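The following exercises ask you to work from the overall fold down to a single element, and each is followed by a worked solution.

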Amino acid sequence: MNMDVIVVGAGPVGLWLASELQLAGVSTVVLERAAERSPHTKALGMHVRTLEVLAMRGALDELLAAGIPVPAWHFGLLDRRVSFAGLDTPYPFMLAIPQLITEELLEKRALALGVRILREHEVTGISQDQDSVRVTVNSETVLTAAYVVGCDGAGSTVRKAAGIEFPGTASTAWGYLADVTLADPPQGPYTRHTPQGALIVAPLPGGLHRVTGFDPTSADRTELTLADVRASAFAVAGTDFGMRDPVWLSRFGNAARLASAYRNGRVLLAGDAAHMHMPTGGLGLNVGIQDAMNLGWKLAAVAQNRSPATLLDTYHAERHAVGSWLVENAQAQTALLTNYTPETQALRATLSTLIDRNPALEHDLAMQLSGLDVSYPANEGAHPLVGTRAPDLDGELFASMHDGRPLRVTTADKPYTDGMHVVYMSHTRPEWTDVATAEIRPDGYIAEVATK
């Protein structure tokens, strides 16, 4: 089997990347070692920029119908939530949706586009030369592709085989999660942070609840039992909410690592294969899908010989910095979550007060958590909009990007004839008043601006 691109890992990141490639006409296969999708759901939320990304491809409606909009979200489980209400987006909320549903819908779309997904195909080796990459599957079959992308999680076989280092820190604190039935559940999402620990309780589809917590008495990754979870919840909340019938019990740590490179020759990384951190705030899945969105159009252009291979270097240049921010943000939240001293309680109270009194601070935090503040380096002297996210101008920009092509936004009266996909809009917002035309990359960032 000779493919343009092999994607390793059929999670949300791998599925989205494969769909982007197939949409551009690049023959793509996804290799997944598991026989079937996990029945357990890891991530529970999609942030604003990820919703915009899906809207750009017409892939959002089913997800919106299956999820619950959450207008404010936490930072380090502070008492004061961060509101998304003032953000310049059609989707000023976090969408609460189990990863299991997300994967089902993204896989459905990938298959409809023609992506081949091969389960029970475990990658056991990779080698590459100047022309191709050879992937050994199940220790015997060898597949060949022009490029391979590892979307195979923090323990990435692809990353290790490519010789890409994964420096960082090991876990020093542990959290737990339990998907259980509650006889006496709280009303709506429940969060609490006390000297006895931290606790989050959130409803899941099917009558289950996700109980997540941090217990200062648990110092390592010992096997988790329902009795452990009940005791930890009672210490924080004074009740275990009638907890019973667990369907999943797991511990997780605060290990933080970032790949030294997102590319080594014809092998690239995206998602958790490139960055690892405490799963707080629901950031990891979102950054991973945005990795895939950045890489998809670039890899397609290179694989189809429309751009030189050096375009792939911009993937590391743009997304490695985002990965560095992700790890730093998760570590900051971890410090607030996993310390229970009086000093930390005072710090938490102070930060909550500052957010409450400073709308600009709340806006900055909302922009960070939502992913809307990400911008990419621009050449010296470029217009200030170059490298920034293009908003949904006139409520029509995202709807004009379903085919995955770049486009030109203009207010010019005469039509363009250079073959570029052109959209005529008013874009009468203050920062766009001097813009005559703007060229938008397939991932929704502004590549060039011509002024009036």
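The model is predicted, and both exercises should be read with that in mind.

**Exercise 1.** Determine how compact the protein chain is for its length, and describe how its residues and surface are arranged.

*Solution.* Begin with the secondary structure, which comes to 10 helices and 25 strands. The radius of gyration is 23 Å, close to the 22 Å that the globule rule gives for 452 residues, so the chain is as compact as a globular protein of that length. Along the principal axes, the C-alpha atoms fill a box of roughly 70 × 60 × 40 Å. Turning to burial, 53% of the 452 residues count as buried, while the chain exposes about 19100 Å², of which carbon and sulfur atoms supply 52%. Next consider contacts between residues at least 6 apart in sequence: 70% of them join residues at least 24 apart. Finally, the chain carries 35 positive and 49 negative charges, and the mean positions of these two sets are 1 Å apart.

**Exercise 2.** Is helix H2 mostly covered or mostly open, and which elements cover its buried residues?

*Solution.* Taking buried to mean under 20% relative accessible area, count along residues 48-56: 9 of the 9 residues of H2 are buried, which leaves the helix mostly covered. The buried residues include the charged-type side chains Arg-49 and Glu-52, as well as Val-48, Leu-51 and Met-56. The cover includes helices H1 (12-23), H3 (61-66), H7 (283-303) and H10 (359-370), together with strands S3 (45-46) and S7 (94-96). As a last step, look just after H2, where Gly-58 takes a positive phi of about 70 degrees.

Technical notes
Residues are numbered from 1 along each chain as its sequence is written. This is a predicted model: local features need pLDDT of at least 70, side-chain atom pairs count only at pLDDT 80 or more; totals for chains, interfaces and linings use all residues. Side-chain values use heavy atoms; hydrogens and water are left out. Buried means under 20% relative accessible area, exposed over 50%, partly exposed in between (1.4 Å probe, protein chains only). Helices (H or I, at least four residues) and strands (E, at least two) are DSSP runs, numbered from the N terminus. Contact means heavy atoms within 4.5 Å. The radius of gyration is taken over C-alpha atoms; the globule rule is 2.2 Å times the number of residues to the power 0.38. Accessible areas come from the Shrake-Rupley method with a 1.4 Å probe; for residues, only the protein chains shown count as cover. The place of a charge is taken as NZ of Lys, CZ of Arg, CG of Asp or CD of Glu.
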